[in-house]
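Here's a quick briefing on a small-format question: what does the fold look like, and how is it packed? Take a look at the model first.

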Amino acid sequence: EFPAVEVVQLGIQPRSVTMIHHAALVGWVSDNEILVAQDGRLAVYDIRGNKRKETTIRVRNAADAFLR
């Protein structure tokens with residue numbers, strides 16, 4: 001199930017909020033959304049792990065993409 005992206009909520013006792021399997025983090029789109037490379041495409045997830053949108057952009061891995 002690796003690679004995987006794990007979203008962790010910081011605080012006194014950090015805890016895992018979600019795990020997105022077969023994905024690599026590209027970057028943060030906003031405070032509540034992340035962009036990941038998953039199964040050869042870019043996808044947007046909210047921080048709870050719900051897929052918001054799978055794009056038509058193909059990538060080999062997360063290093064092939066960036067956010068500005």
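What follows covers the basics of the model, then its strands, then its overall shape and surface.

This is a predicted model, where local features need pLDDT of at least 70, side-chain atom pairs count only at pLDDT 80 or more, and totals for chains, interfaces and linings use all residues. Residues are numbered from 1 along each chain as its sequence is written, and side-chain values use heavy atoms, with hydrogens and water left out.

**Strands and sheet**
- The chain has zero helices and six strands (DSSP runs numbered from the N terminus: H or I of at least four residues for helices, E of at least two for strands).
- Four of those strands make an open antiparallel sheet, ordered S3-S4-S5-S6 (strands pair if DSSP finds at least two bridges between them).
- At the edges sit S3 (23-28) and S6 (51-58), each pairing on one side only.
- S5 (residues 41-46) runs antiparallel to S6, and four bridges join them; Arg-41 has Arg-58 in S6 as its bridge partner.

**Shape and packing**
- The C-alpha trace spans about 40 × 25 × 20 Å along its principal axes.
- Of the 68 residues, 31% count as buried, meaning under 20% relative accessible area with a 1.4 Å probe, protein chains only.
- Of the contacts (heavy atoms within 4.5 Å) between residues at least 6 apart in sequence, 18% join residues at least 24 apart.

**Surface**
- About 5,000 Å² of the chain is exposed, with carbon and sulfur atoms supplying 49% of it (Shrake-Rupley method, 1.4 Å probe).

Technical notes
Buried means under 20% relative accessible area, exposed over 50%, partly exposed in between (1.4 Å probe, protein chains only).
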